[in-house]
Amino acid sequence: REDYGGAFGGNRTEDYLSMNPNGKVPTMIDGDFILWESQAIVRYLAENYASAPFFPNALNERYLCHQWMDFYIAELHPAMTTIFWTLIRTAPEDRDNIALEKAINIANLAWKIVDKHLSQSEYMVGNTFTFGDIPLGCAAYRWHNLEITRDDLPHLKRWYQELTKRPSFQKHVMLPLT
């Protein structure tokens with residue numbers, strides 16, 4: 001793992017842009033294969049290197065993982081990006097507080113869907129951690145660590161607390177918000 005972007009820089013160099021033309025992170029290099037976009041990388045690593053239960057044997061369970069990953073991208077990611085950029089990367093005097101409030105409301109609605117699902121399931125797909133938990137888990141870290149008003153979602157909170165006990169989550173996700 002090498003850190004790029006933000007405070008680390010390096011993501012606008014010719015070498016980096018030759019691998020990832022949008023200059024964003026992450027970029028994965030696996031031998032001669034280069035892949036960018038977080039969701040694609042999670043799917044690739046799960047399918048190439050993981051086994052059950054992280055990469056479920058049953059096709060329907062794998063597609064439930066994909067469903068929750070796509071739900072994150074379609075329903076939560078835009079709002080979470082607005083919240084994060086507004087609170088972490090924008091000076092207080094430059095913030096669009098109307099857009100921030102709208103994003104928080106949208107995110108609260110989406111997190112309610114996750115909370116309701118988690119009322120009947122320990123993790124996003126059944127009772128074991130799978131690759132379907134990763135994108136929502138990363139977003140849940142931000143959600144629970146940003147200074148915002150959140151609805152009381154006990155099942156989401158329980159799931160998130162379970163994720164925080166995982167050493168890999170602690171090492172790779174529970175990083176300072178910058």
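1. A salt bridge is taken here as a side-chain nitrogen of Lys or Arg lying within 4 Å of a carboxyl oxygen of Asp or Glu. The model under review is a predicted one, and by this criterion the structure holds 4 salt bridges. Side chains of opposite charge can pair when their charged atoms come close.

2. In one of these salt bridges the side chains of arginine 43 and aspartate 70 meet, with an N to O distance of 2.7 Å. Since arginine 43 belongs to helix α2 and aspartate 70 to helix α3, the pair ties together parts that are 27 residues apart in sequence. Arginine 43 has a relative accessible area of 21% and is therefore classed as partly exposed, a cut-off of under 20% being what buried requires. Aspartate 70, with a relative accessibility of 41%, counts as partly exposed.

3. The helices that carry this pair also pack against each other: α2 (residues 38–49) and α3 (residues 59–88) do so at an angle of about 165°, and their axes are 11 Å apart. The two helices are therefore roughly antiparallel, because angles over 145 degrees are placed in that class. The crossing in which α2 passes α3 is right-handed. On the α2 side the contact is made by Gln39, Val42 and Arg43, and on the α3 side by His66, Met69, Asp70, Tyr72 and Ile73, so that Arg43 and Asp70, the partners in the salt bridge, both belong to this contact. By class, the residues of the contact divide into 4 nonpolar, 2 polar and 2 charged.

4. Helix α3 packs with α4 as well, here at an angle of about 145° and with the axes 9 Å apart. The crossing of α3 and α4 is left-handed. From α3 the contact draws on residues including Trp68, Phe71, Glu75, Leu76 and Met80, and from α4 on residues including Leu100, Ile104, Trp111, Val114 and His117. The contact of α3 with α4 comprises 17 nonpolar, 3 polar and 1 charged residues.

5. Helix α4 (residues 97–118) also holds lysine 112, which forms a salt bridge with aspartate 151, the closest N and O atoms being 3.2 Å apart. Aspartate 151 is placed in the loop between α5 (134–145) and α6 (154–164), so this pair ties together parts that are 39 residues apart in sequence. Each partner is partly exposed: aspartate 151 at 31% relative accessibility and lysine 112 at 38%.

6. A further salt bridge is the one in which the side chains of glutamate 162 and lysine 165 meet, at 3.0 Å from N to O. The partners fall into separate accessibility classes, for glutamate 162, at 26% relative accessibility, counts as partly exposed, whereas lysine 165, with a relative accessible area of 55%, is exposed.

7. Threonine 164 may be read alongside that pair, and it is part of helix α6. Its relative accessibility of 14% places threonine 164 among the buried residues, because buried means under 20% relative accessible area. When residues up to four places away in sequence are left out of the count, threonine 164 touches Phe169, Gln170 and Met174.

How values were computed. Residues are numbered from 1 along each chain as its sequence is written. This is a predicted model: local features need pLDDT of at least 70, side-chain atom pairs count only at pLDDT 80 or more; totals for chains, interfaces and linings use all residues. Side-chain values use heavy atoms; hydrogens and water are left out. Axes are lines fitted to C-alpha atoms, for helices over the stretch in contact, and angles run from 0 to 180 degrees between N-to-C directions. Helices (H or I, at least four residues) and strands (E, at least two) are DSSP runs, numbered from the N terminus. Angles under 35 degrees count as roughly parallel, over 145 as roughly antiparallel, 65 to 115 as roughly perpendicular and the rest as oblique. A crossing is left-handed if the near helix is turned anticlockwise from the far one by less than a right angle, and right-handed if clockwise. Contact means heavy atoms within 4.5 Å. Ala, Val, Leu, Ile, Met, Phe, Trp, Tyr, Cys and Pro count as nonpolar, Asp, Glu, Lys and Arg as charged, and the others, Gly among them, as polar. Buried means under 20% relative accessible area, exposed over 50%, partly exposed in between (1.4 Å probe, protein chains only).
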